[in-house]
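Okay, everyone, thanks for coming. Let me put the structure up, and then I'll walk you through a few bits of it.

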Amino acid sequence: MPWALNFVIPCLFQEVDDEFTLDVQFPENNKNGMSSFMTLNVVAGNNVVNYLVIVKPVFDISDTSGRNKISASLLQDGSGIVISEPKIPCFCLNEASSIFSTEDDTNFSRAIYQTHLTTAAAVNTSPSRLMKNTLCFFPGGMK
């Protein structure tokens, strides 16, 4: 029986930071807050298919657009997906002024603010520090 996915994007294998096999029976065991739901024997047109839906939480809506956005790509052989996402939510890197109070204008708060800006700039300019790739295999040889 064929498997239907919500997205089908060919992907060359890329360097991964983490990998796991998707658990559809106990979705709370999946990494990074992912959840999965599988529905079997769904009539789609003239076919009967199985659907797998994968849900991934987003911590900052800014992480869904632009250069460093969350994305998922299907592996070329269809055995899983690679999820690319920022290691640190966008607001932590780009909005230091909203994280630190401007009312507390002490040497301590200015030093922390400056350290934050320096660290954020370093992370933003290094792709290996900015993004992580997680390889998620489908269970049971599913493709």
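So, Glu-19: what does it count as, buried, partly exposed or exposed? At 44% relative accessibility, Glu-19 is partly exposed; buried means under 20% relative accessible area, exposed over 50%, and partly exposed is in between, with a 1.4 Å probe and protein chains only.

Quick housekeeping. This is a predicted model, where local features need pLDDT of at least 70 and side-chain atom pairs count only at pLDDT 80 or more, while totals for chains, interfaces and linings use all residues. Residues are numbered from 1 along each chain as its sequence is written, and side-chain values use heavy atoms, with hydrogens and water left out.

Back to Glu-19, which sits in strand S2 (strands are DSSP runs of E, at least two residues, numbered from the N terminus). Ignoring neighbours within four places in sequence, Glu-19 touches Lys-31, Leu-135 and Phe-137, contact being heavy atoms within 4.5 Å.

Now the sheet. It's open, with four strands ordered S2-S7-S6-S5 and mixed pairing; two strands pair if DSSP finds at least two bridges between them. S2 (18–21) and S5 (71–74) are the edges with a single partner strand each, so each has one side without a neighbour in the sheet. S2 runs parallel to S7 (131–137), joined by four bridges, and Phe-20 has Cys-136 as its bridge partner there.

Those two also turn up in the largest nonpolar core, which has 10 residues, including Phe-20, Cys-136 and Met-142. A core here is a set of buried Ala, Val, Leu, Ile, Met, Phe, Trp, Tyr and Cys residues joined through side-chain atoms within 4.5 Å.
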